[in-house]
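Trainee: Could you take me through one strand and its surroundings, step by step? I would like to know how it is held in place among its partners.

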Amino acid sequence: MSRWDGFDEAVAVADTGNFTNAARKLNVSTSHVSRAVARLEQHVGVQVFLRTTRAVTLTDTGRVLVDQFRRIIADRDEALAMLDLHGEPQGELRITCSIAMGERFVAPIVREYAQAFPRLSINLDLTNRIVDLVSEGYDLALRTGTLADSRLIRTRIATRRITLCASPAYLHDRGEPQSVDDLARHDCIQGTADAWQFVVAGETRTFRPRPRWRCNSGTAVADAAMAGMGICQLPEFYVLDHLRAGRLVELLAPLRHQDESVWGVYPQRRHLLPKLRQLIDKLKLQLGPAFKQAALDGSATT
């Protein structure tokens, strides 16, 4: 037998719980699945499944083997997919993104993409944790800031303007900062960004606030600023409507840093897959305009 024989059948049995369902999933006979698994167990010299009249369960060794089989099957399918670069996206696509940006902007685009390709399944994980794409098996992450992992490739998806601001009431009581150094003497409200960036004399200047109040919701941070709790720095779509209405005042505008990049980050071995390449193209086309429209609408939510 081939060294690869039985991998698909074993994974199907593990996924579906029995040989009959596995056969139905693979569109083969139950006897074919049973024989393939038996040959596999004989070939590797260990029992993969415990079989009773009521259930089929993985042995401890079988659980480890099936996890390995899944990765091998995924690598095989990816290799085959790369031979048809213009094919229809299919299979599973695992994506991770921050909660705020994901709920408001990324999820609608990805949902529309999934609806267009019925053979594609999407797992969108919204979290503010920086996941390890390689070890945790993600295909794509949407991230801002710098990228240090050499195992990953990045491509710019969009940009978004970042604005420093505070309420008129706060500025009346505390005065308006005239420099980045002045920020150290003010109350700061912090969102998910650990550092605020500015351009001073042509060079990037980083300020790390010691927040009086911190929240991972951009809307909640903007609300706190309007309530007079301090100065915040947020993507423009959270605050533009409030700036226009006078509820917030922009600060240090001449020192505003260049627009922040939103990156699509992915493991090197996945960069040619049709399902990933076409999604990245769609995000590049739609995410930037979505940021701008939200800023105009003043309706960003988290």
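**A strand between partners**

Mentor: Happy to! Start with strand β6 (residues 152-160), which runs antiparallel to strand β14 and is joined to it by eight bridges. What you see is a predicted model, in which local features need pLDDT of at least 70 and side-chain atom pairs pLDDT 80 or more, while totals for chains, interfaces and linings use all residues. Residues are numbered from 1 along each chain as its sequence is written, and side-chain values use heavy atoms, without hydrogens or water.

Strands here are DSSP runs of E with at least two residues, and helices are runs of H or I with at least four, both numbered from the N terminus. Two strands pair if DSSP finds at least two bridges between them. One pairing to find between β6 and β14 is Thr 159, whose bridge partner in β14 is Ser 261.

Now look at the other partner. Strand β5 (residues 140-144) is also antiparallel to β14, and four bridges join the two. Here, find Arg 143, which stands opposite Trp 263 of β14.

So how enclosed is β14 itself? Seven of the eight residues of β14 (residues 260-267) are buried (under 20% relative accessible area with a 1.4 Å probe, protein chains only). That is why β14 is largely enclosed by the rest of the structure.

Next, go back to β6 and pick out Arg 160, which lies in that strand. With a relative accessibility of 14%, Arg 160 counts as buried. The side chain of Arg 160 makes a polar contact of 2.7 Å with the side chain of Glu 260; such a contact is a pair of N or O atoms within 3.5 Å, one able to donate a hydrogen and the other to accept it. Apart from neighbours within four places in sequence, Arg 160 is in contact (heavy atoms within 4.5 Å) with Met 101, Thr 144, Pro 235, Phe 237, Asp 259, Glu 260, Val 262 and Phe 291.

Phe 237 in that list takes us to a helix, because it is one of the buried residues of α9. Helix α9 spans residues 236-245 and is mostly covered, with seven of its ten residues buried. Besides Phe 237, the buried residues of α9 are Glu 236, Tyr 238, Val 239, Leu 240, His 242 and Leu 243. After α9 comes Gly 246, which has a positive phi near 85°.

Conventions:
Buried means under 20% relative accessible area, exposed over 50%, partly exposed in between (1.4 Å probe, protein chains only).
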